[in-house]
Amino acid sequence: MAFMEKPPAGKVLLDDTVPLTAAIEASQSLQSHTEYIIRVQRGISVENSWQIAGLSLPLPPKKLIGNMDREFIAERQKGLQNYLNVITTNHILSNCELVKKFLDPNNYSANYTEIALQQVSMFFRSEPKWEVVEPLKDIGWRIRKKYFLMKIKNQPKERLVLSWADLGPDKYLSDKDFQCLIKLLPSCLHPYIYRVTFATANESSALLIRMFNEKGTLKDLIYKAKPKDPFLKKYCNPKKIQGLELQQIKTYGRQILEVLKFLHDKGFPYGHLHASNVMLDGDTCRLLDLENSLLGLPAFYRSYFSQFRKINTLESVDVYCFGHLLYEMTYGRPPDSVPVDSFPPAPSMAVVAVLESTLSCEACKNGMPTISRLLQMPLFSDVLLTTSEKPQFKIPTKLKEALRIAKECIEKRLIEEQKQIHQHRRLTRAQSHHGSEEERKKRKILARKKSKRSALENSEEHSAKYSNSNNSGSGASSPLTSPSSPTPPSTSVEHAPF
């Protein structure tokens, strides 16, 4: 497909951050092996599920003799289920291309590196001064975003990085506005934004070139990783866990908050903050990937903040993601789960105060502070920033309005997703409560009481009928009277009314 061609009609813009869950439903013996059938579900909708058969991953121990026994197969199935649970609940592993291709082959069968190469080759026909040195395979977490090491033909020693990305589900800009804004990015000058050397786009993707940085990102510093290594190798299982010095935390945190405030004041949506999107240039942090929100790509932490209905604006998303980033800078690793009930000892209580305002149960339930509020907190308020570079980013009024509408649409989709998750959670809790052992016992007790009460009422009714029958058969009944006529006095003690 040529770089300037339009995307195919009816193209599905899949949100790759929606979690996939996998449950082994059954097993079947086929000649000399056992095949397990797995039901995979995307998100909360049961309708959005499918079956796959067979497993080609390193799994629990096998057995040479008796491997077809029913008991062994059932035991092994439990081990396989635990293995799948670990993979699908690990934030980095669950977003890995190999895992996605295995669990959802229909949506992830394409060779995205090949697609990117085709697009980049078409681009080079019109821009012959650039040349690809090598693909930077899997250095990022996104399946549909690819990177290439570049050079300029007349400056062969200088290295650059080209990134190519497909459109995402939150692309609400018109094609014309989208292309204009992408091409505007090289004009953005800010001491804490990593400069874009070149940018272009068509109706289905964008291509940007930046200088290659040997030091890598803030995440590379925290995990002591090599920038060119694959994402999984760098961050999934770090050898040494160690946070940054307090002064680094303060300075880097202040710089990042300053650039976030600048973008929000400009009306430019970001929503993609994480440690791999912050480039280190000496002692200066510079924000990466401003194009992500224009492309409509889902955020790295979307599966986290979509659980909390109070995190429903792009500013609150950035503040929440800043909490994750601060936690990583402080402790050298991401939090085990969010909300965080209690924080480990930190270099300063001022760090814990910021973490509590962004990642605690109370913060996630009640909402995030503003970026301005974070800048006023003791951890950052006394940081002196020394920079002579004046920020410049002129966005025409018409494009500002287009960005405002796109931002509202992004937030609207988030709110709708949060609403569906909230309703699903309530329904699941109700069903779980209804099906619990305690509830079943309560229902049995109530059923017994109801049965006894019903039996007692039937018994009383039967007794009353039997008594009336005896009275009728005595041969002396009171004359029928209308409600208005007085009842005549009884002349016999035996027949006095009860």
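In this predicted model, helix H8 (residues 246-265) packs against helix H11 (residues 314-331) at an angle of about 165°, and their axes lie 11 Å apart. Angles over 145 degrees count as roughly antiparallel, and H8 and H11 are therefore roughly antiparallel to each other. The crossing of H8 past H11 is right-handed. From H8, the contact is made by Ile249, Tyr252, Gly253, Ile256, Leu257, Leu260 and His264. H11 contributes Leu314, Glu315, Asp318, Phe322, Leu325, Leu326, Met329 and Thr330 to this contact. By class, the residues of the contact of H8 with H11 comprise 10 nonpolar, 3 polar and 2 charged.

A second region of the model concerns strand S8 and its pairing partners. Strand S8 spans residues 205-211, and 6 of its 7 residues are buried, so S8 is largely enclosed by the rest of the structure. S8 pairs in the antiparallel sense with strand S6 (residues 155-166) and also runs antiparallel to strand S7 (residues 198-201). The two pairings are set out below.

| Strand paired with S8 | Sense | Bridges |
|---|---|---|
| S6 (residues 155-166) | antiparallel | 7 bridges |
| S7 (residues 198-201) | antiparallel | 4 bridges |

Individual residues locate these pairings along S8. Leu207 in S8 is the bridge partner of Trp164, while Leu208 in S8 stands opposite Ala199. Strands S7 and S8 form a hairpin, with 3 residues between them.

Terms used. Residues are numbered from 1 along each chain as its sequence is written. This is a predicted model: local features need pLDDT of at least 70, side-chain atom pairs count only at pLDDT 80 or more; totals for chains, interfaces and linings use all residues. Side-chain values use heavy atoms; hydrogens and water are left out. Axes are lines fitted to C-alpha atoms, for helices over the stretch in contact, and angles run from 0 to 180 degrees between N-to-C directions. Helices (H or I, at least four residues) and strands (E, at least two) are DSSP runs, numbered from the N terminus. Angles under 35 degrees count as roughly parallel, over 145 as roughly antiparallel, 65 to 115 as roughly perpendicular and the rest as oblique. A crossing is left-handed if the near helix is turned anticlockwise from the far one by less than a right angle, and right-handed if clockwise. Contact means heavy atoms within 4.5 Å. Ala, Val, Leu, Ile, Met, Phe, Trp, Tyr, Cys and Pro count as nonpolar, Asp, Glu, Lys and Arg as charged, and the others, Gly among them, as polar. Buried means under 20% relative accessible area, exposed over 50%, partly exposed in between (1.4 Å probe, protein chains only). Two strands pair if DSSP finds at least two bridges between them.
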